[in-house]
Amino acid sequence: MADHQKIHPMVDVEAATSRVPLVSDKGTGIRPQAQVPPQRTIPVMQLNPPRKSGSCFCKCFCWTISILVLLIIIIAAVIGILYLAFQPKLPKYSVDSLKISDLRLNLDLSLYAKFDVKITANNPNKKIGIYYEKGGRLSVWYTKTQLCEGSLPKFYQGHQNITKLDVELTGQNQYGNTLMNALQQQQQTGRIPLDLKVDAPVAIKLGRLKLRKVRILGECLLVVDSLSANNQISIKASNCKFKLKL
């Protein structure tokens, strides 16, 4: 008889293992499966960085400087355009004649002087007119001592215009005796230095635009041969310089 073959059932080791109860540390009961604790989300606050006051001040300062520089450039450009368009020139003046109507000592030993001066004002500008305003003065000095003065007339001088002015000057000096002796001694040399000063407020006209007032300041250094009253006086030398004062 043939040998009976024994068939042994195959045991699933993994299944058997999975069915084996887990023994707790105390040896009794089943060890429960460990639970994962719930996770909490903690919000993170983002803090803004502190503002830097220094950088803000620097920006404002830079903007201010930039605006000022831009304004200066614009003003300079406008002035340059006006200069090229009008080509301004200072007016020219010359002393044509000087006549002494009176030069004498008073009873109080003060010196009284009366001069008649004829001057020529020349405006060489092609597109600029000059308004001579009220308050202009013309005076004659000898060694830093004023002899007499008078008022310049108010008038308008057009472009490229030559105007003749006749100005009467009068004055009185309290140190007449000393001043008269100095003038007589100087007259003996035949060369008497006189200083004729001009202070004239004027307004410039550019086209139809009348600008604000400025002042023309100048002086003419004269050398005459005599200071005798009612005599013809010869001007031996004349040097005139003028400038604008804003």
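How much space lies in the largest cavity? About 50 Å³, as computed from a predicted model. The legends below take you through the enclosed spaces, an open pocket and one buried acidic side chain.

**View 1. The largest cavity and its nonpolar lining.** The count comes to two cavities of 30 Å³ or more, and we start with the largest, which holds about 50 Å³ of space. Look for Tyr93, Ile119, Tyr132 and Leu152 around this cavity, together with Pro153, Phe155, Leu165 and Val198. Sorted by class, these lining residues are eight nonpolar ones, with no polar and no charged residues.

**View 2. The second largest cavity, with one polar residue in its lining.** This cavity has a volume of about 30 Å³. Its lining is made up of Tyr93, Ser94, Val95, Ile119, Leu138, Leu196, Val198, Cys220 and Phe242. Two elements, strand E1 (92-105) and strand E8 (192-206), each give two or more residues to that lining. Strand E1 supplies the largest share, three residues. By class, the second largest cavity is lined by eight nonpolar residues and one polar residue, with no charged ones. If you have just come from the first view, you will recognise some names: Tyr93, Ile119 and Val198 line the largest cavity and also belong to the lining of the second largest.

**View 3. The largest pocket.** Here we turn from cavities to a pocket, with a volume of about 550 Å³. It is lined by 20 residues, and those closest to its centre are Pro88, Ile204, Leu206, Leu211 and Leu244. Helix H2 (53-86), strand E3 (128-132), strand E8 and strand E9 (209-224) are the elements that give two or more residues to the lining. By class, the lining of the largest pocket has 17 nonpolar residues, one polar residue and two charged residues.

**View 4. Aspartate 195, a buried side chain with no salt bridge.** Strand E8 gives residues to the lining of the largest pocket, and aspartate 195 lies in this strand. Which side chain of opposite charge is nearest to aspartate 195? That is lysine 197, 4.3 Å away. A salt bridge needs the charged atoms within 4 Å, so aspartate 195 has none, although it is buried. Setting aside neighbours within four places in sequence, aspartate 195 is in contact with Ser139, Val140 and Trp141, and also with Glu219, Cys220 and Leu221. Among these contacts, Cys220 may look familiar: it is one of the residues lining the second largest cavity.

Conventions. Residues numbered from 1 in each chain as written. Predicted model: local features only at pLDDT ≥ 70, side-chain atom pairs only at ≥ 80, totals over all residues. Heavy atoms only, no water. 1 Å grid on protein atoms, 1.4 Å probe; cavity = no way out; pocket = protein on both sides within 12 Å on 5 of 7 lines; lining within 4 Å. Points joined across faces, edges and corners; volume = space filled by probe spheres on them. Nonpolar A, V, L, I, M, F, W, Y, C, P; charged D, E, K, R; others polar. Helix = DSSP H or I, 4+ residues; strand = E, 2+ residues; numbered from the N terminus. Buried < 20%, exposed > 50% of the residue type's maximum accessible area, 1.4 Å probe, protein only. Lys, Arg positive; Asp, Glu negative; His and termini not counted. Contact = heavy atoms within 4.5 Å.
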